[in-house]
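Reader: Hi! I have a structure open here and would love to go through it with you. Could you walk me around?

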Amino acid sequence: MIPRIHKRGSETIGLIRYLYGPGTHEEHTDPHLVAAFDPLTPDPGRDPQATYGQLQRLLDQPVNALLADRRPKKHVWHLSVRASPEDPMLSDDDWAAIARRMVVATGIAPDDAACRWAAVRHADDHIHIIATLVRDDGRRPRLHNEARHAQTEARLIEADYGLRRIKPGDGTAAKRPTSAERHKAERRGQQRTPREELREAVRRSVAGAAGEEEFFDRLGATGLLVRRRIAPSGDTLGYTVALPGDRNGKGEPVFHSGSKLAPDLSLPRIRERWTQNPDAPTQQPALPSVIGPASARRRTTSAAWRALLVIDHGDDGVIAAQIAATGEVLDALAQTSAAHTRHELQAAATAFERASRSHIRAVRGHDHALRRAARDLVHSGPALGRGEDGATTAMVIDMLVFLITATAHWHARKQHAQQAEAAHRAAAHLRAAYPAAAGHPMALLHQQGSRLAPSWQRHHATAVRHALPELADRILAEPGWPALAATLHEARITGHNPTTLLTQAAALRELDTAERVSDVLVWRLRRMADLPADPQKSQDRRASGARAVSAPGRPAHIGTRPANGSPRQR
């Protein structure tokens, strides 16, 4: 159940004509009254003798009874109440009862001398309530926080009628597109409204930006129309953006301010991202990174891991900053990803946008590592879908799933229902992107692990049982076990103790909730042991300088077979 309070108006007859009319796209069917302040209220939809003017005069009577200088300039109140697509069709009696509850909850009609109102239904899934903002006793209604009261009542209605339970909000969500914006996009055959496209473009432009000028340079490079509001001193006070092809009836571009796109996209809020950590040494703006996509993804994985520790143990304001910066990382990763992962990563970034804000204000300056990671991603350029670029993409996605799942749990503990749900949706999109990114490197590792001599496979299985006794059976039964065995073998070749490495990897964070424990361990171990994410790169490195490896518990000697073979028996 989704209630929405619209802008107040000054012409009752205009709104009545819209409610009973055919609609912009002939979408209104059988417009009729379901409830009103008076059971005898005329219904122009069902009564051929009733007129729009009669209904208008009846609703406006208390307004017109006042002296002209006492009448409110905007006296028309408008509330729409829409059912969710999954909800069953409600009857007129159901909608009538819902309308009465809404006018009481919002303060329109809390008593007998209240405002006059009428509820019109012109579609199966919603109603409109029109009211005039002068009570029958001549006083004004008390409408303090009526939008919040409407949302609270909607949650109760959902429970009472067995409807889909919408997560309650906290007033930090981005503004939804208006019906006019949606219809305009539909007429043009566009899936998204200009407001939604602009929001994404601004988010991507600010992701990892080191300062204001870089932000505006990136924004201009997207092809958007950008206007900066300049003070007499020359300082920028704000900005507005428009799509070049989005015009109003006069042929003028339709500009949107940053604050109308999302609460954290106003220029003052964007500037907060460049606030330095007061506890850290003064940091100069970073120069554009010259590292490649693979190195940028490795750095991002490390930054995400540090952020995960903060979310587990940090203060709320610092956690909020890490979560906001995670949104920048997702935006940067999506815009630099290869084609086969781009769709799901973009969907993850879009879903997480709602999770990146809450009423807990971010304490900026503590999120430098993640913001620098986002910057590295942007400046390193597009990643290839293969080789080290592709494998490190899988590595960072794996870590981001943990980070965003922790974000969802934190929001849930804080009763941020919408944000928790959004974070879960983002994590689901990342999980969907993971197989495409990890498929090739994991297949190579699987081949390498399957070719290991049985003695080495048993040796590495023993290491797993010693380090992870409670999860060992699950890990050894997973399809990814050969890939983990190959990684353990490679770590041993490079001088690491597999058992110690596994113990350290398991101590970093619990593994029980992971869908593929063996995959998680592969990427943790490769990062901890500084192994190439792409196993082909490891093979090439070994081919150029192969070294002998002893059998388990036996020193190397002349005549030992290559590392992936079984040791020579005496």
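Reader: Which residue just after helix 7 takes a positive phi?

Author: That's Gly-223, with a phi of about 95°. Keep in mind that this is a predicted model.

Reader: Good to know. And which residues of helix 7 are buried?

Author: Helix 7 covers residues 212-221. Its buried residues are Glu-212, Glu-214, Phe-215, Phe-216, Arg-218 and Leu-219.

Reader: What covers those buried residues of helix 7?

Author: The cover includes three helices and two strands: helix 6 (194-206), helix 9 (267-272) and helix 13 (368-380), along with strand 6 (225-230) and strand 7 (236-242).

Reader: Ok, strand 6 and strand 7 then. What order do the strands take in their sheet?

Author: The order is 6-7-8, in an open sheet of three strands with antiparallel pairing. Strand 6 and strand 8 (256-257) are the edge strands, and each pairs on one side only.

Reader: How many bridges are there between strand 7 and strand 8?

Author: Two, in the antiparallel sense. If you want a place to look, Val-241 stands opposite His-256 in strand 8. Helix 6 also packs on this sheet, where it touches strand 7 and strand 8. The direction of helix 6 makes about 130° with that of strand 7.

Reader: Nice. Let's jump to the five-stranded sheet: what's the strand order there?

Author: That open sheet runs 1-3-5-4-2, and its pairing is antiparallel. At the edges are strand 1 (2-5) and strand 2 (32-36); each has a single partner strand, so one side of each is left without a neighbour in the sheet. On average, neighbouring strands are turned by 25° against each other, direction ignored.

Reader: How many bridges join strand 2 to strand 4, and how many join strand 4 to strand 5?

Author: Four bridges join strand 2 to strand 4, and six join strand 4 to strand 5. Both pairs run antiparallel. For the first pair, Ala-35 has Ala-119 in strand 4 as its bridge partner. For the second, Trp-117 is partnered by Ala-131 in strand 5. Strand 4 and strand 5 also form a hairpin, with two residues between them.

Reader: And strand 3 with strand 5, over how many bridges do they pair?

Author: Seven, again antiparallel, between residues 76-82 of strand 3 and residues 126-135 of strand 5. Val-76 stands opposite Thr-132 there.

Reader: Back to strand 4: how many of its residues are buried?

Author: Nine of the nine, so strand 4 is largely enclosed by the rest of the structure.

Reader: Which helices lie across strands of this sheet?

Author: Helix 3 (residues 92-106) lies across strand 1, strand 2, strand 3, strand 4 (115-123) and strand 5, at about 45° to strand 2. Helix 4 (residues 146-161) lies across strand 1 and strand 3, and runs at about 165° to strand 1.

Reader: Last stop, helix 19 and helix 20. At what angle do they pack?

Author: About 110°, with axes 10 Å apart, for residues 498-508 in helix 19 and 517-528 in helix 20. Angles of 65 to 115 degrees count as roughly perpendicular, and helix 19 and helix 20 are therefore roughly perpendicular to each other. Their crossing is right-handed.

Reader: Which residues meet there?

Author: From helix 19, Leu-501, Leu-502, Gln-504, Ala-505 and Leu-508 meet Leu-521, Arg-524, Leu-525, Arg-527 and Met-528 of helix 20. By type, the residues of this contact are seven nonpolar, one polar and two charged.

Note on methods: Residues numbered from 1 in each chain as written. Predicted model: local features only at pLDDT ≥ 70, side-chain atom pairs only at ≥ 80, totals over all residues. Heavy atoms only, no water. Axes fitted to C-alpha atoms, helices over the stretch in contact; angles between N-to-C directions. Parallel < 35°, antiparallel > 145°, perpendicular 65-115°, else oblique. Left-handed = near helix turned anticlockwise from the far one by under 90°. Contact = heavy atoms within 4.5 Å. Nonpolar A, V, L, I, M, F, W, Y, C, P; charged D, E, K, R; others polar. Pairing = 2+ DSSP bridges. Buried < 20%, exposed > 50% of the residue type's maximum accessible area, 1.4 Å probe, protein only.
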